[in-house]
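Open the structure in your viewer and keep the sequence panel beside it. This tour tells you what to select, stop by stop.

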Amino acid sequence: MTPGVPGAPGAPGAPGTPRLGGPALRLTVLVGENDRCHHRPLYSEIVHRARAAGLAGASVFRGIEGFGASSLVHTARLLSLSEDLPVAVVIVDTEERVRAFLPELDGLRPAGLVTLERCEVLRYAGPPGHGSDRKSGGEGGA
């Protein structure tokens, strides 16, 4: 069996073993900082749903400038008053687990760009002395 495959030694959730290694899928969701879902930022809702789904990790990156389907440029420059900066939510896990998560995004109907890219995980580890079964988060995400 292969590490990172559910049910295999080293599968996600197996204490003391790497949760992910080898071929993987990277899901990137690009949204606006001000996009909301159930009175919380949309990027936060995506991260919390990814955690609830048991995915290996998720990270949120705030952009300093960008534009999307509206063609309106949003920027963090001092002379601009734009507060709706671009935000990228990046999730990496096995292809099977990421594809199983996609219906969660359909339920959110994010107004943005959703991409999938094949990638290879070379290292997935938390800080020294911390196992994958610890109760607090903070592993650094995807």
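The stops below run from the whole chain to its strands, helix, cores, pocket and one loop.

**Stop 1: the whole chain**

Start with everything shown. This is a predicted model. Colour by secondary structure and look for two helices and eight strands. Now trace the chain from its start. The order of elements is β-β-β-α-β-β-β-β-α-β. Of the 142 residues, 33% count as buried. Next, consider contacts between residues with a separation of 6 or more. Residues 24 or more positions apart account for 69% of these contacts.

**Stop 2: strand β7 and its partners**

Select β7, residues 86-93. Is this strand enclosed or not? Seven of its eight residues are buried, so β7 is largely enclosed by the rest of the structure.

Add β1, residues 22-32. β1 and β7 run antiparallel and pair over eight bridges. To find your place along the pair, pick Val-29, which stands opposite Val-89 in β7.

Now add β4, residues 58-62. β4 also pairs with β7 in the antiparallel sense, over five bridges. Here the marker is Ala-58, which stands opposite Ile-91 in β7.

**Stop 3: helix α1**

Select residues 42-52, which form α1. Which residues of α1 are buried? They are Leu-42, Ser-44, Glu-45, Ile-46 and Ala-50. Show their side chains and see what they meet. They pack against strands β1, β2, β3, β4 and β7, and against helix α2. To view that last partner, select residues 95-108.

Step past the end of α1 to Gly-54. The phi of Gly-54 is positive, near 80 degrees.

**Stop 4: the nonpolar cores**

Hide the surface and keep the side chains. The largest nonpolar core has 17 residues. Select Leu-27, Val-29, Ile-46, Ile-91, Phe-101 and Leu-105, which have the most contacts inside this core. β1, α1, β7 and α2 each supply at least two of the core's residues.

Centre the view on Leu-105. Set aside its neighbours within four places in sequence. Leu-105 is then in contact with Leu-27, Val-29, Ile-46, Pro-110 and Val-114.

There is also a second, separate core, made of seven residues. Among them are Ala-56, Val-90, Val-92 and Tyr-124.

**Stop 5: a pocket**

Bring the surface back. The second largest pocket has a volume of about 370 Å³. It is lined by 17 residues. To find its centre, select Val-31, Gly-32, Phe-67, Gly-68 and Ala-69, the lining residues closest to that point. β1 and β7 are the elements that give two or more residues to the lining. β1 gives the most, with three. Colour the lining by class and you get nine nonpolar, six polar and two charged residues.

**Stop 6: the loop between β2 and β3**

Finish at the loop between β2 and β3, where you will find His-38 and His-39. Check the backbone angles here. Most residues other than glycine have a negative phi. His-38 has a positive phi of about 55 degrees. For His-39 the phi is also positive, about 65 degrees. Are these two residues buried or exposed? His-38 has 62% relative accessibility, so it counts as exposed, the cut-off being over 50%. His-39 is exposed too, with a relative accessible area of 82%.

Methods: Residues numbered from 1 in each chain as written. Predicted model: local features only at pLDDT ≥ 70, side-chain atom pairs only at ≥ 80, totals over all residues. Heavy atoms only, no water. Buried < 20%, exposed > 50% of the residue type's maximum accessible area, 1.4 Å probe, protein only. Helix = DSSP H or I, 4+ residues; strand = E, 2+ residues; numbered from the N terminus. Contact = heavy atoms within 4.5 Å. 1 Å grid on protein atoms, 1.4 Å probe; cavity = no way out; pocket = protein on both sides within 12 Å on 5 of 7 lines; lining within 4 Å. Points joined across faces, edges and corners; volume = space filled by probe spheres on them. Nonpolar A, V, L, I, M, F, W, Y, C, P; charged D, E, K, R; others polar. Core = buried A, V, L, I, M, F, W, Y, C linked by side-chain atoms within 4.5 Å. Pairing = 2+ DSSP bridges.
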